[in-house]
Amino acid sequence: MKITYFGHSCFGIETSHVRLLFDPFITPNQLAANIKVDEIVADYIFITHGHEDHIADAVHIAKRTGATVVANYEIIQWLSKQGVEKTHPMNTGGKWTFDFGMVQMVPAFHSSSLPDGTYGGNPIGYVMQLAGYTFYFAGDTALYSDMRLIGEQYNLDFAFLPIGSNFTMDIHDALRATQLIDTNKIFGMHYDTFPYIKIDKEGAVSLAEKEGIKLHLLPVGGFHQMQQ
Ligand code: NI
Ligand code: MN
């Protein structure tokens, strides 16, 4: 399994069977200027909420690749109006087994409106089982105590957590979240893209290390190969 970082909260996850893309925000992201959006491949695109910094390139990539877009019901309606044909609506708490594995939509504490002001439903995160791994993609969220339920229900191998503060959890809350969800391997996201979310990356990594947590902060365009 290969995990590629396209900047902000956008990751690609690739196995020999499937290519997943999360929260595409590339063309408006100055830190992702070197990413060629027209070369990104995807069989599925997962959207956590309607904010521009999570959905900016979704319509374009979905139409080019023919990927199935998964999001909450309201976001799927909005995407459909823009001509995205392959979609799968879900909502908070729901599970579905796709051809690659199980996906559960879990709560996120945040807000969600679409770039044109349309109501975006509730923000969410995902728990997924793929190629023998179980992971949590938190989306934009505050720390909340029911994250513990994810840790109780699943044996997570790793998680993607926002760490930029101001709009989401900071590194301190993200480290508390790792205790609740019970994992020791996390990929940081939603940091450095805008002035409000600039962080001390080395400080965050060493803070995590002190708690026995491996925090991966991938360079934009960089990737991490999971051992199996
Ligand atoms: Ni947001
Ligand atoms: Mn965001």
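Me: Donors are N, O and S atoms within 2.8 Å of the metal (3.2 Å for Na, K and Ca); water is not among the atoms, so sites may look incomplete. How are the donor residues of the nickel ion (ligand 1) spaced in sequence?

Reply: The spacing is H-x1-H-x58-H-x29-D. This is a predicted model, in which local features need pLDDT of at least 70 and side-chain atom pairs count only at pLDDT 80 or more, while totals for chains, interfaces and linings use all residues. Residues are numbered from 1 along each chain as its sequence is written, chains are lettered from A and ligands numbered from 1 in the order written, and side-chain values use heavy atoms, with hydrogens and water left out.

Me: What makes His49, His51, His110 and Asp140 donors of the nickel ion (ligand 1)?

Reply: Atom type and distance. The atoms are His49 NE2, His51 ND1, His110 NE2 and Asp140 OD, at 2.2 to 2.4 Å from the nickel ion. Those distances fall within 2.8 Å, so the atoms qualify.

Me: Why is the site of the nickel ion (ligand 1) called irregular?

Reply: The angles among its four donor atoms run from 84 to 178 degrees. A tetrahedral site needs all angles between 85 and 135 degrees; for square planar (four donors) or octahedral (six), opposite donors must be over 155 degrees apart and all others between 65 and 115; anything else is irregular. The range of 84 to 178 degrees rules out tetrahedral, and the site is classed as irregular.

Me: What does the pair of histidine 49 and aspartate 140 tie together?

Reply: Histidine 49 sits in the loop between β4 (44-46) and α1 (52-55), and aspartate 140 in the loop between β10 and α4, so the pair joins parts 91 residues apart in sequence. Those elements are DSSP runs, numbered from the N terminus (helices: H or I, at least four residues; strands: E, at least two).

Me: Which residues coordinate the manganese ion (ligand 2), and at what distance?

Reply: Asp53 (OD), His54 (NE2), Asp140 (OD) and His190 (NE2), at 2.1 to 2.2 Å. Their pattern along the chain is D-H-x85-D-x49-H. Two of these donors come from distant parts of the chain: aspartate 140 from the loop between β10 (133-137) and α4 (147-153), histidine 190 from the loop between β12 (185-189) and α6 (201-210), 50 residues apart.

Me: What makes aspartate 140 a bridge?

Reply: Aspartate 140 coordinates both the nickel ion (ligand 1) and the manganese ion (ligand 2). The two ions lie 2.9 Å apart.

Me: How do you know whether aspartate 140, histidine 190 and histidine 49 are buried or exposed?

Reply: By relative accessible area (buried is under 20%, exposed over 50%, partly exposed in between; 1.4 Å probe, protein chains only). Aspartate 140 has 2%, so it is buried. Histidine 190 has 1% and is buried. Histidine 49, also at 1%, is buried too. Across the chain, buried residues make up 56% of the 228.

Me: What stands out in the backbone of serine 165 and asparagine 166?

Reply: A positive phi. Serine 165 has phi near 60 degrees, and asparagine 166 also has phi near 60 degrees. Most residues other than glycine have a negative phi. Serine 165 lies in the loop between β11 (158-162) and α5 (171-181). Asparagine 166 is in that loop as well.

Me: Why are serine 165 and asparagine 166 called partly exposed?

Reply: Both values lie between the two cut-offs. Serine 165 has 29% relative accessibility, so it counts as partly exposed. Asparagine 166 has 48%, so it falls in that class too.

Me: How do you know how compact the chain is?

Reply: From its radius of gyration, taken over C-alpha atoms and set against the globule rule (2.2 Å times the number of residues to the power 0.38). The chain has six helices and 14 strands. Its radius is 16 Å and the rule gives 17 Å for 228 residues, so the chain is as compact as a globular protein of that length. The C-alpha trace spans about 50 × 35 × 35 Å along its principal axes.
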